[in-house]
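Here are a few exercises to try with the structure open beside you. Have a go at each one before you read the solution.

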Amino acid sequence: MIASPQPHLTAEEYLAWETEQDTHHEYVNGAIIAMTGGSIAHNLLALNLYSALRPHLRHRGCVATVADVKVQVSSSIYYYPDLVVTCSDRDLQARQLIQDPCVIVEVLSPSTAANDRGDKFKNYRNLDSLQEYVLIDSEKISVERYRRGEGRMWLYHPYTAGETLILESLEFECAIDQIYEGVSLEP
């Protein structure tokens, strides 16, 4: 992601401005951040998990979206996660953005990993609805899941090849190898 040269906008100005843009932009406390294109591996990882999740969610009254859907984290923070799941009636009726996600997935790249692990996760944790945050590495087989515990605690669960990702909030399991199926990784 690269910060764009636009002046600081209010959230309302950003929302109006962004609907007229050809590319997506995240918004954090007045700053507009242009979203750069991802790699093929980045795209396949999100789509592989989405493909596994979709049939499972259909029977739960939930929906998963990939990349092009904005999440309102607060009145001054809007992100475009790589994959987001919501079961909220409000979100299921929405047309522009999600406000009550239960699972957010970010695919890590060298340019985004620090932000996805740092500021984004710090901001996402403020969403009362969020139960699990998943980070998928696009350069090696490594998946990390953070699950909301009691109070402000988040429990960390790392996964690698041969293991199974468990999303407890959705009663969903997926082989890590399935997430990385067809993905070409750096040697």
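**Exercise 1: one arginine**

In this predicted model, arginine 117 counts as partly exposed because its relative accessibility is 37%. Work out where arginine 117 sits and what arginine 117 touches.

*Solution.*
- Start with the helix: arginine 117 is part of α4, which covers residues 113-117.
- Next, look for contacts, skipping residues up to four places away in sequence: you'll find Leu108, Leu135 and Glu144.
- Finally, check glutamate 106, which is 11 residues from arginine 117 in sequence and 9.2 Å away in space, C-alpha to C-alpha.

**Exercise 2: the disulfide**

Find which cysteine is joined to cysteine 62, and say where the two are in the chain.

*Solution.*
- The sulfurs of cysteine 62 and cysteine 87 are 1.9 Å apart, and a disulfide joins them. A pair counts as a disulfide when the sulfurs are within 2.5 Å, and the count here is 1.
- The link connects distant parts of the chain, 25 residues apart: cysteine 62 is in the loop between α2 and β4, and cysteine 87 is in the loop between β7 and α3.
- The angle about the S-S bond is 100°, and the link is right-handed.
- Cysteine 62 is buried at 11% relative accessibility, whereas cysteine 87 is partly exposed at 32%.

**Exercise 3: a cysteine without a bond**

Explain why cysteine 102 isn't bonded to cysteine 87.

*Solution.*
- The closest cysteine sulfur to that of cysteine 102 belongs to cysteine 87, but it's 4.0 Å away, so that's too far for a bond.
- As for accessibility, cysteine 102 is buried at 11%.

Technical notes. Residues numbered from 1 in each chain as written. Predicted model: local features only at pLDDT ≥ 70, side-chain atom pairs only at ≥ 80, totals over all residues. Heavy atoms only, no water. Helix = DSSP H or I, 4+ residues; strand = E, 2+ residues; numbered from the N terminus. Buried < 20%, exposed > 50% of the residue type's maximum accessible area, 1.4 Å probe, protein only. Contact = heavy atoms within 4.5 Å.
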